[in-house]
Amino acid sequence: MGSQSDWPTMREAARVLDELGVGYETRIVSAHRTPDRLWSYGKEARSRGIRVIIAGAGGAAHLPGMMASKTSVPVVGVPIETKALGGLDSLYSIVQMPRGFPVATMAIGAAGAVNGALMAAAILAVSDDALAQRLDSWREALSASVPEVPHD
């Protein structure tokens, strides 16, 4: 995430990864305040065994795109809701990547963080049948949680 203030949103991704039994690490890597940290993290990600990066950022939100420019590991971007523009600034900054540096961009805020975790899990599940089964079970439980008729 770009800053500590992004954690309340990104915690939702961590919660889903925990539910699915997917290991992860959390780091604060700011594209603007810690560019050397970003460069190192991106360059070393694959050799460290990182297989997907979920990058949450707000405002100018350059973290996901800059990370994608430094690694061939898939990057999932989560736009953080901002006070000034409600997260549209974050969304536009993440989704409008130039050709050659894709970022799978999720919705703004907590829903995006949850979907970011689910997207990362789906990417990993391509080569992990046990995770694919846990992901299927998670989705089945979500479907089962929706009542067929409204409650009084």
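What follows is a chat about the pockets, sheet and helix packing of a predicted model.

Biologist: What makes the space around Y24, E25, V52, I53 and I54 a pocket?

Modeller: A pocket is an open set of grid points with protein on both sides within 12 Å along at least five of seven lines. The largest one here has a volume of about 600 Å³. Its lining counts 28 residues, and Y24, E25, V52, I53 and I54 are the closest to its centre.

Biologist: Which helices and strands supply at least two residues of that lining?

Modeller: They are α1 (7-20), β1 (53-57), α3 (63-70), α5 (110-125) and α6 (129-144). The largest share, five residues, comes from α1.

Biologist: How do you know what classes make up the lining of the largest pocket?

Modeller: Sort the residues by class and you get 20 nonpolar, three polar and five charged.

Biologist: And what lines the second largest pocket?

Modeller: That pocket holds about 190 Å³ of space. There are 16 lining residues, with G2, H32, R33, A57 and G58 nearest the centre. By class they come to five nonpolar, eight polar and three charged. Gly goes with the polar group, so G2 and G58 of that lining are polar by this scheme.

Biologist: A57 belongs to a strand as well, I think. What does A57 stand opposite?

Modeller: A57 faces P79 in β2. Two strands pair if DSSP finds at least two bridges between them. Between β1 and β2 (residues 75-79) there are five bridges, in the parallel sense, so the two strands count as a pair.

Biologist: Why is the sheet called open?

Modeller: Its three strands run in the order β1-β2-β3, with parallel pairing. At the edges are β1 and β3 (104-105), each with a single partner strand, so one side of each has no neighbour in the sheet.

Biologist: On to the helices. How do you know that α1 and α5 are in contact?

Modeller: Contact means heavy atoms within 4.5 Å. On the α1 side, T9, M10, E12, A13, R15, V16, L17 and L20 meet A110, A113, V114, A117, L118 and A121 of α5. That contact has eleven nonpolar, one polar and two charged residues. The axes are 7 Å apart, at an angle of about 35°.

Biologist: What is the handedness of the α1 and α5 crossing, left or right?

Modeller: Right-handed. A clockwise turn of the near helix from the far one earns that name.

Biologist: What about α5 with α6, left-handed or right-handed?

Modeller: Left-handed, so here the near helix is turned anticlockwise from the far one. These two pack at about 145°, with axes 8 Å apart. From α5, L118, A121, A122, L124 and A125 meet D129, L131, A132, L135 and W138 of α6. The class tally for this contact is nine nonpolar, no polar and one charged. Asp counts as charged, so the charged residue is D129.

Terms used:
Residues numbered from 1 in each chain as written. Predicted model: local features only at pLDDT ≥ 70, side-chain atom pairs only at ≥ 80, totals over all residues. Heavy atoms only, no water. 1 Å grid on protein atoms, 1.4 Å probe; cavity = no way out; pocket = protein on both sides within 12 Å on 5 of 7 lines; lining within 4 Å. Points joined across faces, edges and corners; volume = space filled by probe spheres on them. Helix = DSSP H or I, 4+ residues; strand = E, 2+ residues; numbered from the N terminus. Axes fitted to C-alpha atoms, helices over the stretch in contact; angles between N-to-C directions.
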